[in-house]
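Trainee: I have a structure open and do not know how to read it. Can you take me through some features?
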Amino acid sequence: MSSERFAHDQFGCANDVVLALTKFESKFADEQTCMNYVLNKLAKEVRCKECQGSNVRRLARSRDCICNDCGTISSLTAGTIFNGVRKIGPYLKMIWLLERGLAFNCFQIHKHLGIAYSTCLAIFKKLSTVIKDLMENREKKIGSALFMPIFMKRSRLTPLNEHPQAEQKMAYLKVNVKDEFNKSSEDVELKLNSLSDFDRKVYELIRAGKIDLDNILQKLEATVHDVMLPLFELEDAGLIERLPANYFALKDNSNSHLHQNLDAQPYSHKLKKHVSKCLLFLREKFRGISRKYLQNYLAVFWCWTDRKTWGPNSLLRACLRSSEISYHQILTYETPLDVNFIFGGDK
Ligand SMILES: [Zn+2]
């Protein structure tokens with residue numbers, strides 16, 4: 001095993017990861033051992049799907065179990081995060097590391113375990129979802145905008161040609177656009193009513209999303225001459241704004257909500273300290289993240305800091321008891337505007 005692939009940083013020394021994996025491999029020699037371990041554990045957790053009894057046992061060398069009471073045979077992994085998983089070793093390895101307070105990023109683990117990066121990422125997201133779901137209703141929520149500085153990676157929600165941080169604005173508008181409109185609705189309504197039909201068309205086009213002059217002309221089948229005055233008027237009325245490179249966008253006064261200054265928040269000194277620590281952790285360990293999965297990374301941060309809750313066997317137990325997490329569920333997840341933040345200790 002080589003340690004050079006793990007860059008040393010202040011958040012979990014490379015040697016610790018290598019040592020932990022060596023220990024893991026001495027306990028779980030191969031995939032079959034891993035699979036048997038999980039299936040036997042599952043047999044103790046599952047209930048019979050027919051009579052709901054807990055008197056079930058695993059069928060020898062099988063992924064099925066039989067109910068000693070009613071004889072029903074069912075799959076052990078069905079309805080858990082291990083459903084349909086062919087190789088369980090990578091799951092166990094990542095669980096093992098997380099339970100030992102060793103944070104890793106998927107690129108490191110993909111290099112180290114020789115598993116496809118996409119597979120590592122999928123497992124990482126599943127495991128962090130299990131932790132994330134346990135965060136609900138446990139702690140007060142804080143604004144996701146506090147984490148803006150580390151939104152450096154794109155996701156499928158990142159608007160085309162924009163910085164990953166633009167996702168924060170999208171998330172904000174999704175929730176607040178109605179409020180924003182209601183607040184100034186009279187004002188805006190008045191202005192909109194005074195527009196000519198053509199001006200209105202230009203406005204609706206820009207309202208649909210940031211757009212450049214060429215596209216406006218193309219979509220309206222108009223000339224520069226046609227749109228110049230309407231654009232000036234809309235800008236003058238404070239409905240739209242002109243951006244560099246002949247782009248136009250809806251005038252948006254919500255930017256002040258996008259950059260939340262941690263110091264200015266009404267949080268305790270302790271909480272602020274923990275958020276700062278988390279920002280540093282996410283930046284150093286993951287080299288920035290996408291906004292979409294912020295809550296998953298906050299879950300990992302909780303696991304990493306809360307050694308009492310997330311000690312050996314804790315995450316595995318949570319996984320055994322979790323319900324199935326589909327690829328679709330992960331793909332369509334989006335971190336809400338307010339996030340759950342738990343800091344576990346003084347790591
Ligand atoms: Zn039964």
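Mentor: We will go through strands, loops, helix packing and a few single residues. Keep in mind that this is a predicted model.

Trainee: Let us begin with strands. How do strands of a sheet pair?

Mentor: Strands of a sheet pair through backbone hydrogen bonds, and the pairing can be parallel or antiparallel. Look at strands S5, S6 and S7 here. They make an open sheet of three strands, in the order S5-S7-S6, and the pairing is antiparallel.

Trainee: Which strands stand at the edges of that sheet?

Mentor: Strand S5 (211-212) and strand S6 (240-243) do. Each has a single partner strand, so one side of each has no neighbour in the sheet.

Trainee: How many bridges join S5 to S7, and how many join S6 to S7?

Mentor: S5 is joined to strand S7 (residues 247-250) by two bridges. S6 is joined to S7 by four. Both pairs run antiparallel.

Trainee: Which residue of S7 is the bridge partner of Leu243?

Mentor: Tyr247 is the partner of Leu243. On the S5 side, Asp212 stands opposite Tyr247. Find Tyr247 and you can trace both pairings.

Trainee: What lies between S6 and S7?

Mentor: S6 and S7 form a hairpin with three residues between the strands. Check the backbone angles there. Ala245 takes a positive phi near 60°. Asn246 is in the loop between S6 and S7 too. Its phi is also positive, about 60°, although Asn246 is not a glycine.

Trainee: Is Asn246 exposed or buried?

Mentor: Count the neighbours. Asn246 has 13 other C-beta atoms within 10 Å, so it is partly exposed.

Trainee: Where else can I find a positive phi outside glycine?

Mentor: Go to Gln52, with a positive phi of about 65°. Gln52 sits in the loop between helix H2 (31-45) and strand S1 (56-58). With 10 other C-beta atoms within 10 Å, Gln52 is exposed.

Trainee: S1 comes after that loop. Which strand does S1 pair with?

Mentor: S1 pairs with S2, in the antiparallel sense, over three bridges. Val56 has Cys67 of S2 as its bridge partner. The two strands form a hairpin with five residues between them, and Arg61 in the turn has a positive phi of about 50°.

Trainee: What happens on the other side of S2?

Mentor: Three bridges join S2 to strand S3 (residues 73-75), again antiparallel. Cys65 stands opposite Ser74 in S3. S2 and S3 also form a hairpin, with five residues between them. In that turn Gly71 has a positive phi of about 80°.

Trainee: Which residues lie on the covered face of S2?

Mentor: Cys65 and Cys67 make up the covered face of strand S2 (residues 64-67). Asp64 and Ile66 are on the uncovered one.

Trainee: Now helices. At what angle do H1 and H3 pack?

Mentor: For a helix pair, read the angle, the axis distance and the contact residues. Helix H1 (residues 14-27) and helix H3 (residues 89-99) pack at about 130°, with axes 10 Å apart. They are therefore oblique to each other. Their crossing is right-handed. H1 brings Val17, Ala20, Leu21 and Phe24 to the contact, and H3 brings Lys93, Trp96 and Leu97. By class, that is six nonpolar, no polar and one charged residues.

Trainee: And how are H8 and H10 set, parallel or perpendicular?

Mentor: Helix H8 (residues 197-207) and helix H10 (residues 224-236) pack at about 70°, with axes 10 Å apart. They are therefore roughly perpendicular. Phe198, Asp199, Val202 and Tyr203 of H8 meet Val227, Pro230, Leu231, Glu233 and Leu234 of H10. This contact has seven nonpolar, no polar and two charged residues.

Trainee: Last, single residues. Which residues does Lys125 touch far along the chain?

Mentor: Leave out residues up to four places away in sequence, and Lys125 touches Tyr293, Asn296 and Ile330. Lys125 lies in helix H5. Its C-alpha is 8.5 Å from that of Tyr293, though the two are 168 residues apart in sequence. Lys125 has 19 C-beta neighbours inside 10 Å, so it counts as partly exposed; 20 would make it buried.

Trainee: What about Ser118, exposed or buried?

Mentor: Ser118 is also in helix H5 (residues 117-133). It has 10 C-beta neighbours inside 10 Å and so counts as exposed. Its C-alpha atom is separated by 9.4 Å from that of Phe107, 11 residues apart along the chain.

Technical notes
Residues numbered from 1 in each chain as written. Predicted model: local features only at pLDDT ≥ 70, side-chain atom pairs only at ≥ 80, totals over all residues. Axes fitted to C-alpha atoms, helices over the stretch in contact; angles between N-to-C directions. Parallel < 35°, antiparallel > 145°, perpendicular 65-115°, else oblique. Left-handed = near helix turned anticlockwise from the far one by under 90°. Contact = placed C-beta atoms within 7 Å. Nonpolar A, V, L, I, M, F, W, Y, C, P; charged D, E, K, R; others polar. Pairing = 2+ DSSP bridges. Buried ≥ 20, exposed ≤ 12 C-beta atoms within 10 Å, placed from the backbone.
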